[in-house]
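Let's take a walk through this structure, looking at how some of its helices pack and where empty space is left between the atoms.

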Amino acid sequence: MGLDLRQVVAAVLTLTMFVMLGNMIKRDHFDNSLQLPGGSEDANFETAKFDATHVRKNIGLWKGDADGLKPCWVKPSADDVEQTQGFVTFALTNGPEYHISQIADAVIVARSLGATLVIPDIRGSQPGDKWNFEDIYDVDVFMKSMEGVVRVAKDLPTHISTRNIAAVKVPNRVKEDYIAEHVEPIYRTKGSIRLATYFPSINMRKAGKKGDTDSVACLAMFGSLELQPEMHEVVDSMVERLRTLSRNSDGQFIAVDLRVDMLNKKGCQNSDIEKSCYNAQEIAVFFRQIGFDKDTTVYVTESRWDSSLDSLKDLFPKTYTKEAIMPADKKKRFLDSEFEKVIDFYVSAESDVFVPAISGLFYANVVGKRIGSGKTRILVPAPSASASNFLSPYVSNKNHFAYSCYC
């Protein structure tokens, strides 16, 4: 029986379509090479502008955990600790990513010593920069969260001279045996101490065997610090503005921790062995190659527009700094100040997707804030691997300390 020519043509077209579809799916889902700008690979920055992304939308770029987790720490009782008459004072320094860890260490030390914790002041990066705790955080929320855990005083009693208070340094994630050996003898001798946390490394690994100290740390890190109302309002208004600008993506936006000054520092140079920082152009190519389209709204933590961000805006026109979206009446107070770091931290914690262009404590503690609320779409750039493997190891391996606190 002869073949109808139309049937032959239809068969050829059908076969061709399946071959093309197979190649497209293979390219989009199993390409293990993310080519970044530099040398002969600069052409990829140009071609990224024209890549089709309709198949990539199926990989769930915006999707985090369906539901937030619930705190599963048990609030310890102050009755379990012998109460003493001394005080633990300290300051919050270097920005909100440090505050979370510093507050946890101070609460753990004060509780272990049976001491009264004094509400800290806040120090900036420049000499003389100093604020009250309530300039950034809600003091009533903090004091209420500590009820039954550790005694809290708003100020050091006037009869205690700061000259008689011993300065003590403790490592981040301090343990009870360290306190007993290195801190308690000084406290017993001097009566009160001023605490400072140092960071020998960034340690956010999930706790092993859960104990009283871990419960205290969970409470302090994730249940004690809330922004004071005006700061909260600024963050909320910026997040709402970003969602309004993201109408074409269902109100969803990306926050990228990308600060030019950090990229220029020695610790952020490119390395053939291990790359820990990515510039704007590399972030732009990364976004396009894993499937974000040009209408995606992107918030970067750089304060004001810098020419180095132009390559990101070329591919993603809806790229903004805080200068562009902060309410006009708030700029005088909150731009070009230590408050910027606080705003960046909490906007990054609220975004639908978070991308750290810089590794470090900011990344680690933003992840912790996001885990409990189910905002686990945290994508870490890398020069290779498939799109599905860009999820932060903290989340994919569930090894962040926050997973010790939420269940």
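What follows goes from helix contacts to the pocket and then to the cavities.

Keep in mind that this is a predicted model. A good place to start is helix α3, which covers residues 96-113, and its meeting with helix α13, residues 339-350. The two axes are 8 Å apart, and the angle between the helices is about 80°. That makes α3 roughly perpendicular to α13. On the α3 side the contact uses P96, E97 and I100, while α13 brings K341, V342 and F345. Sorted by class, this contact of α3 with α13 has four nonpolar residues and two charged ones, with no polar residue.

Now look at another partner of α3, helix α5, made of residues 176-190. Here the axes lie 11 Å apart and the packing angle is about 70°, so α3 and α5 are roughly perpendicular to each other. The crossing of α3 past α5 is right-handed. From α3 come I108, V109, S112 and L113, and they meet I179, V183, E184 and Y187 of α5. Six of the residues in the contact of α3 with α5 are nonpolar, one is polar and one is charged.

Back to α13, which also packs with helix α7, residues 229-244. Their axes come within 10 Å and cross at roughly 50°, and that makes α7 oblique to α13. This crossing, too, is right-handed. If you want to find it on screen, pick M231, V234, V235, M238, V239, L242 and R243 in α7, then F339, V342, I343, Y346, V347 and E350 in α13. The contact of α7 with α13 divides into eleven nonpolar and two charged residues, and there is no polar one.

So much for packing; what about the gaps? Rolling a probe the size of a water molecule over the atoms shows where empty space is left. The largest pocket holds about 660 Å³ of space. It has 30 lining residues, and E97, R259, D261, M262 and K341 are the closest to its centre. Helices α3, α8 (260-263), α13 and α14 (361-371) each give two or more residues to this lining. Two names should ring a bell: E97 and K341 also take part in the contact between α3 and α13. By class, the pocket lining has ten nonpolar, nine polar and eleven charged residues.

How many cavities of 30 Å³ or more are there? The count comes to two. The largest cavity has a volume of about 80 Å³ and is lined by 14 residues, with D105, I108, R173, V174 and A217 nearest its centre. The elements giving two or more residues to that lining are α3 and α6 (212-223). I108 is one of the α3 residues that meet α5. The lining of the largest cavity is made up of seven nonpolar, three polar and four charged residues.

The second largest cavity has a volume of about 50 Å³. Around it you will find N94, G95, H99, I122, R123, W131, I136, E338 and V342. Four of these lining residues are nonpolar, three are polar and two are charged. V342 is worth a last click, as this residue of α13 is also part of the contact with α3 and of the contact with α7.

Technical notes
Residues numbered from 1 in each chain as written. Predicted model: local features only at pLDDT ≥ 70, side-chain atom pairs only at ≥ 80, totals over all residues. Heavy atoms only, no water. Axes fitted to C-alpha atoms, helices over the stretch in contact; angles between N-to-C directions. Helix = DSSP H or I, 4+ residues; strand = E, 2+ residues; numbered from the N terminus. Parallel < 35°, antiparallel > 145°, perpendicular 65-115°, else oblique. Left-handed = near helix turned anticlockwise from the far one by under 90°. Contact = heavy atoms within 4.5 Å. Nonpolar A, V, L, I, M, F, W, Y, C, P; charged D, E, K, R; others polar. 1 Å grid on protein atoms, 1.4 Å probe; cavity = no way out; pocket = protein on both sides within 12 Å on 5 of 7 lines; lining within 4 Å. Points joined across faces, edges and corners; volume = space filled by probe spheres on them.
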